[in-house]
Amino acid sequence: MIPIRSASTAQQVHDWLYRCVLRGDLLPGMRLSETEIAAQVGLSRQPVREAFIRLASDGLAEIRPQRGTYIGRISVRAVLSARLIREAVESDLGRMVARSRPDLSAMAAELDLQARADAAGDVPAFVESDDRFHGAMAEAAGHPAVWQDLERLKAQMNRMRHLSMRVFDRSATIAQHRAILTALQAGDGDAAETAIRTHLRQMLTELPEMARTHPDYFTD
């Protein structure tokens with residue numbers, strides 16, 4: 001049973017389902033059962049129904065009248081939009097960090113965690129550390145709220161990353177992160193921007209391949 005402790009039980013169920021969708025535990029096209037979810041979390045069907053409505057408003061589920069609720073497919077357009085915004089914003093953040101030369105130990109620590117997660121085959125831990133690495137760069141630039149704004153934009157991108165990191169070489173991502181960190185530590189803004197753009201453009205290769213091998217997972 002999933003522990004639900006918040007005063008807003010519908011929000012707690014939503015947050016749990018949201019994480020499951022992003023991590024790929026609930027795959028595109030899967031049908032959600034109010035009865036089964038309610039039994040899992042030990043609640044009535046009403047808060048579960050409300051959670052489904054919130055998940056649909058996030059663009060992560062589809063409520064089909066007389067048919068049920070299904071996990072939505074990954075929007076290619078949304079993934080590409082989030083990637084483009086991230087590249088523009090994070091390139092500027094990298095230059096800020098390179099100029100100011102702040103403490104980057106948090107980013108270095110995430111590289112170690114990524115290596116361990118990769119060795120263990122723990123994709124969720126790897127992607128979560130990847131996110132923290134980029135969040136730490138925004139923090140080092142003095143703009144932590146910028147990363148929070150980006151997080152709200154990249155739900156579909158996160159779904160794609162959890163799937164692609166099961167297939168593609170995670171060590172390549174670690175090497176790209178290391179190149180970013182090395183440039184930032186050297187105070188080389190040009191090299192940092194190049195490394196960030198190279199890293200975030202990796203998805204332009206991965207996305208078409210994932211859409212080709214799993215066409216039922218994607219839309220537009």
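Start where the two halves hold hands: between domain 1 and domain 2 there is 1 salt bridge. Keep in mind as you click around that this is a predicted model.

To find that bridge, select Arg23 and Glu128 and show their side chains; they pair up at 3.1 Å, N to O. Now widen the view to polar contacts: 4 residue pairs make one between domain 1 and domain 2, with both partners at pLDDT 80 or more.

Next, select residues 9-23, which is helix 1. On the side of domain 1 that touches domain 2, this helix is the biggest contributor, giving 4 residues. Colour that side of domain 1 by residue class and you should get 7 nonpolar, 3 polar and 2 charged residues.

Time to zoom out. Colour 9-72 as domain 1 and 75-219 as domain 2, following the domain assignment of the protein chain. In the contact, domain 1 puts in 12 residues and domain 2 puts in 11. Measuring between the domain centres over C-alpha atoms, you should get 28 Å.

Finally, switch on a surface. How much area is buried between domain 1 and domain 2? About 960 Å², with carbon and sulfur atoms giving 51% of it. For the domain 1 side, pick out Leu22, Arg23 and Pro28: together they supply 57% of what domain 1 buries against domain 2, more than any other three residues. Arg23 is a good place to end the tour, as you've already met it in the salt bridge with Glu128.

Technical notes: Residues numbered from 1 in each chain as written. Predicted model: local features only at pLDDT ≥ 70, side-chain atom pairs only at ≥ 80, totals over all residues. Heavy atoms only, no water. Domains from an automatic or database assignment. Contact = heavy atoms within 4.5 Å. Buried area = accessible area lost by both parts, 1.4 Å probe. Salt bridge = Lys/Arg side-chain N within 4 Å of Asp/Glu carboxyl O. Polar contact = N/O pair within 3.5 Å; in protein donor to acceptor, adjacent residues only side chain to side chain. Helix = DSSP H or I, 4+ residues; strand = E, 2+ residues; numbered from the N terminus. Nonpolar A, V, L, I, M, F, W, Y, C, P; charged D, E, K, R; others polar.
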